[in-house]
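Biologist: I'm new to this one, so could you walk me through a single part up close? I'd like to hear about the largest nonpolar core and what sits around it.

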Amino acid sequence: MNAPAIVILGNGALATARRLQQLYPQALIHGLAERVTGVDRSYQDFGATLRQLYQQDTPIIALCAAGIVIRSLTPVLLEKGAEPPVLAVAEDGSAVVPLLGGLAGVNVLAREIGAGLGVAAAITTSGELRFGICLLNPPDGYALADLELGKRFVSDLLAGEQVRVEGTAPWLADARLPEDAQARLTIHVGSDARQPSANELLIHPRNVLVAVNAAQPELAQAVRDALQRSAIALPSLACLLADEHDMANAALHDAAVALGVPLRFAPAQGSLAQLALQEVPQSSPIAIGEHLAIAVADQPLDLPGIGRPRGRLAVIGLGPGAADLMVPAVKAELARANDVLGYETYVRMAGPFRPDQVLHCTDNREEMQRARHAFELAAQGRSVVVVSSGDPGVFAMAAAVLEALHESTEPSWHAVELEMLPGVSASLATAAQAGAPLGHDFCVLSLSDNLKPWAIIEQRLDLACQADLALAFYNPISRSRPWQLGKALEIVRQHRAPATPVVLGRDIGRPGQSLRVITLGELTPEQVDMRTMVLVGSSTTCTFAKAAGGTWVYTPRWYGSKP
């Protein structure tokens, strides 16, 4: 189960939220922005936040009235997919009410929370009240064969029938089941392929590994056929295993997705049967041709102990700094990461982090070393995130990561799953605060000459000004580069009127942000620092007063004569 999200609406629930976080140290507390302080994540819209967490399969512990939670989640309840546990907990911790996710362990979670808060959870599920266990939610490592038949089976038990257990089911040892060796109803636990009868609850242990070769055509179907021929139930398939040299093979990954199982990799020392035996030594591998071998263990497989997964490296953009301006895909990537690398200021912005997540903070000038270190970690099968502020492809880490990969001849680096996840860039965040100064064609320039000659910057700036493009200046000035902005303004003023609107956005999206609208004639380098985004309008950029004070800035979509 994923770490839960603890969602609160006001400071009155914060003490209870902290108690729950002690029970679940990996859980994050989400609080309503401008109403709650001192939380891990801030949000603007309660309903949208709950729906997003639900669709990400994140367990939800909402410290508020149950009705608010139900109304908020109603639009997504009929969607197909996983249903995570959802609970409502009173602000003072006096009540725990499981709402959704009966087959995802919501009652188990409710009992844990109730025990931690010293109250009785409001369990209303008849089967769990009678038997002390949810028969339709077997533990990790086991799969229910047929949910609808299972519901009928539990109904018969509740009506007074007795039951017998066939196979090994250690989690049922403490259940209050009405057992009888001659009972008509049977709980059968096994990996044998069979159709469950109306009088049977069929549960399959996930104890089967299939070693595969990338050369096998129609791999997913070949695995299904091989299991069927071997009289092995498909739900007992725990994972696919392949040679680590095939780690980047798309056909293998497609087959694993189609079968709904993890894909693991290990160094092949011989045949596929030997590869299977190497990872599941207590089994007797069944060779199915030259491209498949099946290993059946005597208990559910411990997947973390089998080979290793394909490593993943994601280069993410945090946006300008505000949590609500971080895209959901980036938040999900941070949640799954084993390792987080980046300039320390940006890494801290990306937090908080779980105790098991490893942070690798480096100086802002060590981009290539950071990129290479990220590949070294990902090549070990870890899930790695490289953090940038804004967008990773705008004067940030995406280019450095790709350059490191381009220069590398290490096969394990090229086998890593690599993805770039976008963020809201500083120029776009500043523009949005001001209105739409970049509403037409614009040019983005870094005034730093650390990595390119100043002559190139001057040339590009002059041409952009000749083209009458709106301008966005990154890295406008610093202690080590105090003169570049003044030189840039000299070039701009050769082409733009003194009345041209200029937007200065400092720390937009972060605490203490400020936004000023001035003119090109008023702008001096002393008004700008390294944390300021400078937007210079084109000849068509307009300004007008806001009703509540301040100034709107926009560059119209038309050019020349108004349409």
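Modeller: One cut-off to begin with: a residue is buried when its relative accessible area is under 20%, exposed when that area is over 50%, and partly exposed in between. Keep in mind that this is a predicted model.

Now to the core. The largest nonpolar core has 25 residues, and the ones touching the most other members are V210, V212, V223, L237, L240 and L292. Several elements feed into this core, with at least two residues each from β11 (208-212), α7 (219-229), β12 (237-243), α8 (250-259), β13 (263-266) and β15 (292-296). The largest share, 6 residues, is supplied by α7. As a general point, nonpolar side chains in soluble globular proteins tend to be buried together.

Let's zoom in on V212. Setting aside neighbours within four places in sequence, V212 is in contact with L219, V223, L240, L241, A242, L252, L272, H291 and L292. Apart from this core lies another one, of 24 residues, with L485, I518, L523 and V528 among them.

Back to α7, and on to what follows that helix. The loop between α7 and β12 holds A231. The phi of A231 is near 60°, which is a positive value in a residue other than glycine. So is A231 buried, exposed or partly exposed? Its relative accessibility is 44%, so A231 counts as partly exposed, because partly exposed covers what falls between under 20% and over 50%. In short, two elements that each give at least two residues to the core, α7 and β12, are joined by the loop where A231 lies.

Terms used. Residues are numbered from 1 along each chain as its sequence is written. This is a predicted model: local features need pLDDT of at least 70, side-chain atom pairs count only at pLDDT 80 or more; totals for chains, interfaces and linings use all residues. Side-chain values use heavy atoms; hydrogens and water are left out. A nonpolar core is a set of buried Ala, Val, Leu, Ile, Met, Phe, Trp, Tyr and Cys residues joined through side-chain atoms within 4.5 Å. Buried means under 20% relative accessible area, exposed over 50%, partly exposed in between (1.4 Å probe, protein chains only). Helices (H or I, at least four residues) and strands (E, at least two) are DSSP runs, numbered from the N terminus. Contact means heavy atoms within 4.5 Å.
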